[in-house]
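Subject: Structure handover and notes

Hi,

Here is the structure I promised you. Please open it alongside the notes that follow.

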Amino acid sequence: MDETEFWELIDATRAAAEGDPEEQADVLVDRLLQMDPELVLDFARHFEARYNRAYRWDLWGAAWVLLDGCSDDAFDFFRCWLIGQGREVFEGAVHEPDSLAELLDEFDDEIDGDGEELGYAADEAYEQLTGTVAPDLGIAPAPSEPEGAPVDFENEGELAQRYPRLWERFRE
């Protein structure tokens with residue numbers, strides 16, 4: 001599975017789930033179950049690489065504004081959700097986190113921002129296909145700390161200055 005096929009699968013499952021991240025995870029597992037286990041592992045490698053790439057302080061700050069607070073676990077789930085939004089939203093957010101204000105058409109704080117189940121989809125499908133736990137993916141581990149300069153999440157002035165578009169749309 002190449003990068004284009006990865007993103008096509010993400011887009012197709014999001015569309016089939018009408019944007020609901022929990023439903024998207026279920027649809028994704030169903031689609032992965034139709035593939036060879038090696039392709040499922042390829043999907044998992046693509047997902048994990050993007051998940052690790054999004055481990056950035058500036059993106060965590062954007063998630064903090066968007067979600068009105070964001071713990072360690074919530075940021076993990078946010079990164080899964082962000083991947084589930086597709087290539088354009090993901091790449092835009094990683095490049096310029098404040099651009100999420102324009103990249104997200106709608107944002108329902110009841111269901112959006114938490115894609116925990118998406119993070120488990122490949123593992124679940126692989127285990128159902130093979131009866132075994134997925135092996136090590138052979139990719140570089142996530143950094144121990146987020147990349148970039150730390151953000152003071154408790155300083156609303158700093159957040160408003162660093163993320164003016166997100167602050168205006170989601171906090172004011």
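E18 is exposed, because its relative accessible area is 74%. The cut-offs are these: buried means under 20% relative accessible area, exposed means over 50%, and partly exposed lies in between (1.4 Å probe, protein chains only). E18 sits in the loop between α1 (3-16) and α2. Its phi is near 50°, a positive value in a residue other than glycine. Helices here are DSSP runs (H or I, at least four residues), as strands are (E, at least two), numbered from the N terminus.

Two notes on the source. This is a predicted model, in which local features need pLDDT of at least 70 and side-chain atom pairs count only at pLDDT 80 or more, while totals for chains, interfaces and linings use all residues. Residues are numbered from 1 along each chain as its sequence is written, and side-chain values use heavy atoms, with hydrogens and water left out.

**Negative patch**

E18 also belongs to a negative surface patch. The other members are E22, E23, D26, D30, D114, E117, D123, E124 and E127. Patches take residues with over 30% relative accessible area and no salt bridge; like charges are joined within 9 Å, and nonpolar side chains (Val, Leu, Ile, Met, Phe, Trp, Tyr) within 5 Å. Asp and Glu count as negative, Lys and Arg as positive; His and the chain ends are not counted. Each charge is placed at NZ of Lys, CZ of Arg, CG of Asp or CD of Glu. Areas come from the Shrake-Rupley method with a 1.4 Å probe, and for residues only the protein chains shown count as cover.

Which elements give two or more residues to the negative patch? They are α2 (21-32) and α8 (116-130). D30 is in helix α2. Its relative accessibility is 47%, so D30 counts as partly exposed.

**Helix α4**

Helix α4 (residues 57-67) is mostly covered, with ten of its eleven residues buried. Those buried are W57, D58, L59, W60, G61, A62, A63, W64, V65 and L66. What covers them? The cover includes α5 (72-84), α6 (87-95), α7 (100-103), α9 (156-162) and α10 (164-170).

D58 is worth a look. Its relative accessibility is 16%, so D58 counts as buried. The D58 side chain meets that of R56 in a salt bridge (3.0 Å, N to O). A salt bridge here is a side-chain nitrogen of Lys or Arg within 4 Å of a carboxyl oxygen of Asp or Glu. R56 counts as partly exposed, because its relative accessibility is 24%.

**D68, after α4**

D68 comes just after α4, in the loop between α4 and α5. Phi of D68 is positive, about 60°, although D68 is not a glycine. At 56% relative accessibility, D68 counts as exposed.

D68 also forms a salt bridge with R171, and the closest N and O atoms are 3.3 Å apart. R171 lies in the segment after α10, so this pair ties together parts that are 103 residues apart in sequence. R171 itself counts as partly exposed, at 24% relative accessibility.

**Other salt bridges**

How many salt bridges does the structure hold? There are 13. Another of them pairs R162 with E158, with the closest N and O atoms 3.5 Å apart. Both residues lie in helix α9, four residues apart, about one turn of the helix. An α-helix has 3.6 residues a turn, so residues three or four places apart point the same way. R162 counts as partly exposed at 33% relative accessibility. E158 is also partly exposed, with a relative accessible area of 22%. Elsewhere, salt bridges that share partners join E96, D98, E102 and R165 into one network.

**L103 and H95**

L103 is in helix α7. Its relative accessible area is 22%, so L103 is partly exposed. Leaving aside neighbours within four places in sequence, L103 is in contact (heavy atoms within 4.5 Å) with E88, V89, G92 and A93. L103 and G92 are eleven residues apart along the chain, and their C-alpha atoms are separated by 7.5 Å.

H95 lies in helix α6. Is H95 buried or exposed? H95 counts as exposed, because its relative accessibility is 70%. H95 and R50 are 45 residues apart in sequence and 13 Å apart in space, C-alpha to C-alpha.

Best wishes
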